[in-house]
Amino acid sequence: VRPSRAGTIGWPRDVAERYVARGHWKGRALGDLLLARADLVPDAVALVDGELRLTYRELVERVDGAALRLRDLGLRADDRVVVQLPNRWEFVVLVLACLRLGVIPVMALPAHRRVEMSYLVEHAEARAIAVPGVLRGFDHQAMAREIADRDGGVDVILVAGNGVDGADGRSAGAGAAGGSPKGDTAGNGDPTSDGAGAPPGAADLLPGSTDLTALCASPASDPAAARAELDRVAPDSRAVAVFLLSGGTTGLPKLIARTHDDYAYNALRSGEISGLGPDTVYLGTLPLGHNFPLACPGILGTLLVGGTVVVLGSPDPAKAFAVIERERVTVTALVPAVAQRWLDHRGTDPGADLSSLRVLQVGGARLADHVARQVRPVLGCALQQVFGMAEGLLNYTRLDDPDEVICETQGRPMCPDDEILVVDEAGLPVPRGEAGVLLTRGPYTPRGYYRAEEQNARAFTDSGWYRTGDIVRLRPDGNLVVEGRDKDMINRGGEKISAEEVENFAYQTEGVRQAAAVAMPDPDLGERICLYVVPLPGATVSLDDVRAVMERAGTARFKLPERLVTVGSLLSTKIGKIDKKALRADIAARLAAER
Ligand code: J2J
């Protein structure tokens, strides 16, 4: 399939027709589906953030009000807004307002810095950037300003939590965590700490910035008229709803264009599989721009069935447990590193009442079988393993699966029309039960990245299969076990880092002749980044040198290498690439010897 003029790559016509005929694609935009649900349960609580509680009626009124104000600022269908907000109510209102208008949110992370943000703005041709003011001591507004000044396309800067207090009465920025990936806060250290003590992010609204909190806080002056007007401009269900970021094996993250049809299916079907209903209380504590908490089933899946979404800017167990108890949370999603921390915390502090919790979803990285087995005894809820990807395919263990399946596999595709193939290096199917690389196609897995012809040629086959780069074993019972990967990526506590991107920065460091970034095993995060360096003759290169180059350039801190190994040369494979397998074994052996 060739890219459309717009740069997105959809499904072939006959395939799309099949997905419609099978009922996966409903032909309705996400905003439309959400409104239909809201109309059924206007007085149910839709969204909770600290002291703020919004019913569905109040949420819709705010969303419509925000959508009209975005229009007043000049934003129209297919315009892009790079969204870099912590887990606060404004994130939800802004994203829903965008969906209503057909404005496309580009899901950045609070941890992103100048390098990532300017790339996203440029690549998506964004007209707007939405940021917190100052978060964890970092001035996002100033960064957005700098990017806008350089990029002529941006004419709207939306700043949350500034100027006025949030409508929830909190001081600006206070309590809003999520400053870095999957909860990573302090430096690029522990992804599970919450960075308490970070200064509250009150900053003045610069002239020309728009107060996002105010924009999201008040209903349209005439709700009925607002609704009619927004219904009139509602986007087509085949249009792009959101741009997600890829896990990244190339220099910078690729954009994944998810349509209303496919993303609605993604959220609704996930909701069915996770047992969501009107009595669901979903806790969103991973950074909400990630596919997992956004739509698997996440906040969208919860709102589409009339449940309650609770947003929390920190995965810190003490805080999360208090919220679970207070809001009677029934389901939440975590990465394994955070799940481990919750289990540990429960052991030392069994006080909180977690009896409302029914399902703990864990995904984003491999959950060790022995950790999986602790979930029910320690937290008293069911475990659901999720092996997913922003590119589409979602595998879930089912709630009624036997314990052995739930604890030892990463589940199976959620849709009967998900196609999966496990192949060897030559691209031929391996005998069933043997490990190989996973390929997939399906009704919520687009056929290519946005404007990335070269990468698409590598990441997708001619017949539209997405090469996940994950090495899996398909068991006779249909469940997948993730055994490893053959992609050049580091999975740091669920946050994906492209080795190539780190190496590019290493090559900008003085004295570096050759560099290779690889994953090193880590008891807390699963993996961390280790950089092998061959220095130029007579030169020495330190870890701090490389980190300084990256910090000066302005990258997300979770991409900074955490160990540097100097070597005289790097082995190559037969085809002339650096032998990373050997390097991974080397660093694992060094770490073992140090223990
Ligand atoms: C091993 N590796 C896993 C798992 C993802 C739900 C859950 C996760 C993501 C996600 C997501 C894994 N065991 N259980 O989008 O909706 C690794 C694989 C995969 C890559 C995708 C969702 N779950 N992974 O993690 O786009 O390597 O999505 O290809 O960030 O994470 O990363 P990402």
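Which element gives the most to the shell around the ligand? Good morning, everyone, let's take that one straight away. Strand S16 does, with five residues. Before I go on, please keep in mind that this is a predicted model.

Let me stay with the ligand for a moment. There are 21 residues around it, and those that come nearest are Asn291, Phe292, Gly363, Gly388 and Ala390. If you would rather think in elements, two or more residues come from each of helix H10 (291–295), strand S16 (382–389), strand S21 (466–474) and strand S22 (480–485). And for those of you already wondering about the chemistry of the shell, the split by class is nine nonpolar, eight polar and four charged residues.

Now let's step back to the whole chain. The domain assignment gives domain 1 as 1–24 + 260–487, domain 2 as 42–235 and domain 3 as 489–594. How far apart do the C-alpha centres of domain 1 and domain 3 lie? The answer is 29 Å. Seven residues from domain 1 and seven residues from domain 3 make up the contact. On the domain 1 side of that contact, four residues are nonpolar, one is polar and two are charged.

Next, two helices I'd like to show you. Please find H19, residues 543–553, on the screen. Its buried residues are Val546, Arg547 and Met550. Why do these sit on the same side of H19? Because they cover an arc of only 95° around the axis. Turn to the other side of H19, and you find Asp544 and Arg552 exposed. So what covers the buried residues? The cover includes helix H18 (499–507), strand S26 (526–535) and strand S27 (563–566). After H19 comes Gly554, with a positive phi near 90°.

The other helix is H4, residues 89–101. With 13 residues, H4 reaches 19 Å from its first C-alpha to its last, close to the 18 Å expected at 1.5 Å a residue. Is H4 largely enclosed or open? Here 13 of the 13 residues are buried, so H4 is largely enclosed by the rest of the structure. Just after H4 there is a glycine too: Gly102, which takes a positive phi of about 85°.

To close, let me return to where we began: S16, with its five residues, gives the most to the shell around the ligand. Thanks for listening, and I'm happy to rotate the model for anyone who wants another look.

Definitions and conventions: Residues are numbered from 1 along each chain as its sequence is written. This is a predicted model: local features need pLDDT of at least 70, side-chain atom pairs count only at pLDDT 80 or more; totals for chains, interfaces and linings use all residues. A residue is near a molecule or strand if its C-beta atom, placed from the backbone, lies within 6 Å of it. Helices (H or I, at least four residues) and strands (E, at least two) are DSSP runs, numbered from the N terminus. Ala, Val, Leu, Ile, Met, Phe, Trp, Tyr, Cys and Pro count as nonpolar, Asp, Glu, Lys and Arg as charged, and the others, Gly among them, as polar. Domain bounds come from an automatic or database domain assignment. Two residues are in contact if their C-beta atoms, placed from the backbone, lie within 7 Å. A residue is buried if 20 or more other C-beta atoms lie within 10 Å of its own, exposed if 12 or fewer, and partly exposed in between; C-beta atoms are placed from the backbone. The arc is that of the directions from the helix axis to the C-beta atoms. The expected span of a helix is 1.5 Å times one less than its number of residues.
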